[in-house]
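I'm opening a fresh page for this one. My plan is to pick a few spots, look each one up and jot down what turns up.

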Amino acid sequence: MTRAEFETASRTLLDELSQCTEGLLAKHPEAREIDAVFLTGGSSQIPAVRELYVKRFGEERVRTADAFTSVAEGLGRASAWLTG
């Protein structure tokens, strides 16, 4: 599968992601003042996902680091918090 074919096949999901983001921003206008958007997890490695957020927030605010280990770390922290 080519990248173009993949992006065509995932267009509906990307549109849903965009709608979800815009919906959250509409409900929380103060979020427009955020300093950074952190992309994490496997989906953050999809160029079209990054492009969606770069177009919305600007290259200078979009960050990606430790895409896979950050998910595991977050789950570990959530588990520790839930189990007290």
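**Entry 1: Thr 40**

I started with Thr 40, which is partly exposed because its relative accessible area of 42% falls between the 20% and 50% cut-offs. I'm keeping in mind that this is a predicted model.

Where does Thr 40 lie? I found Thr 40 in the loop between strand E1 (37-39) and helix H3 (47-57).

Next I looked up what Thr 40 touches, leaving aside its neighbours within four places in sequence. My list for Thr 40 reads Asp 66, Ala 67, Ser 70 and Val 71. For Ser 70 I noted something extra: the side chains of Thr 40 and Ser 70 are joined by a polar contact of 2.2 Å.

I also checked Thr 40 against Thr 69. In sequence the two are 29 residues apart, and in space I get 8.8 Å from C-alpha to C-alpha.

**Entry 2: helices H2 and H3**

From the loop I moved on to H3 and its partner H2, which covers residues 11-27. How do the axes of H2 and H3 cross? They come within 10 Å of each other and cross at roughly 30°. That angle is under 35 degrees, so I can call H2 and H3 roughly parallel. I wrote down the handedness too: H2 passes H3 in a right-handed crossing.

Which residues make the contact? On the H2 side I have Leu 14, Leu 17, Ser 18, Thr 21, Glu 22 and Leu 25. On the H3 side I have Ala 48, Val 49, Leu 52, Tyr 53, Arg 56 and Phe 57. Sorted by class, the contact of H2 with H3 has eight nonpolar, two polar and two charged residues.

**Entry 3: Thr 21**

I picked one residue from that contact, Thr 21 of helix H2. Is Thr 21 buried or exposed? Its relative accessible area is 10%, and the cut-off is under 20%, so I put Thr 21 down as buried. Setting aside its neighbours within four places in sequence, I see Thr 21 in contact with Tyr 53 and Phe 57. Both of these turned up on the H3 side of my list above.

**Entry 4: Pro 47**

Last stop was Pro 47, which lies in helix H3. With a relative accessible area of 40%, Pro 47 goes into my notes as partly exposed. I then compared its position with that of Glu 7. Pro 47 and Glu 7 are 40 residues apart in sequence, while their C-alpha atoms are 9.2 Å apart in space.

Key: Residues are numbered from 1 along each chain as its sequence is written. This is a predicted model: local features need pLDDT of at least 70, side-chain atom pairs count only at pLDDT 80 or more; totals for chains, interfaces and linings use all residues. Side-chain values use heavy atoms; hydrogens and water are left out. Helices (H or I, at least four residues) and strands (E, at least two) are DSSP runs, numbered from the N terminus. Buried means under 20% relative accessible area, exposed over 50%, partly exposed in between (1.4 Å probe, protein chains only). Contact means heavy atoms within 4.5 Å. A polar contact is a pair of N or O atoms within 3.5 Å; within protein, one must be able to donate a hydrogen and the other to accept it, and residues adjacent in sequence count only if both atoms are side-chain atoms. Axes are lines fitted to C-alpha atoms, for helices over the stretch in contact, and angles run from 0 to 180 degrees between N-to-C directions. Angles under 35 degrees count as roughly parallel, over 145 as roughly antiparallel, 65 to 115 as roughly perpendicular and the rest as oblique. A crossing is left-handed if the near helix is turned anticlockwise from the far one by less than a right angle, and right-handed if clockwise. Ala, Val, Leu, Ile, Met, Phe, Trp, Tyr, Cys and Pro count as nonpolar, Asp, Glu, Lys and Arg as charged, and the others, Gly among them, as polar.
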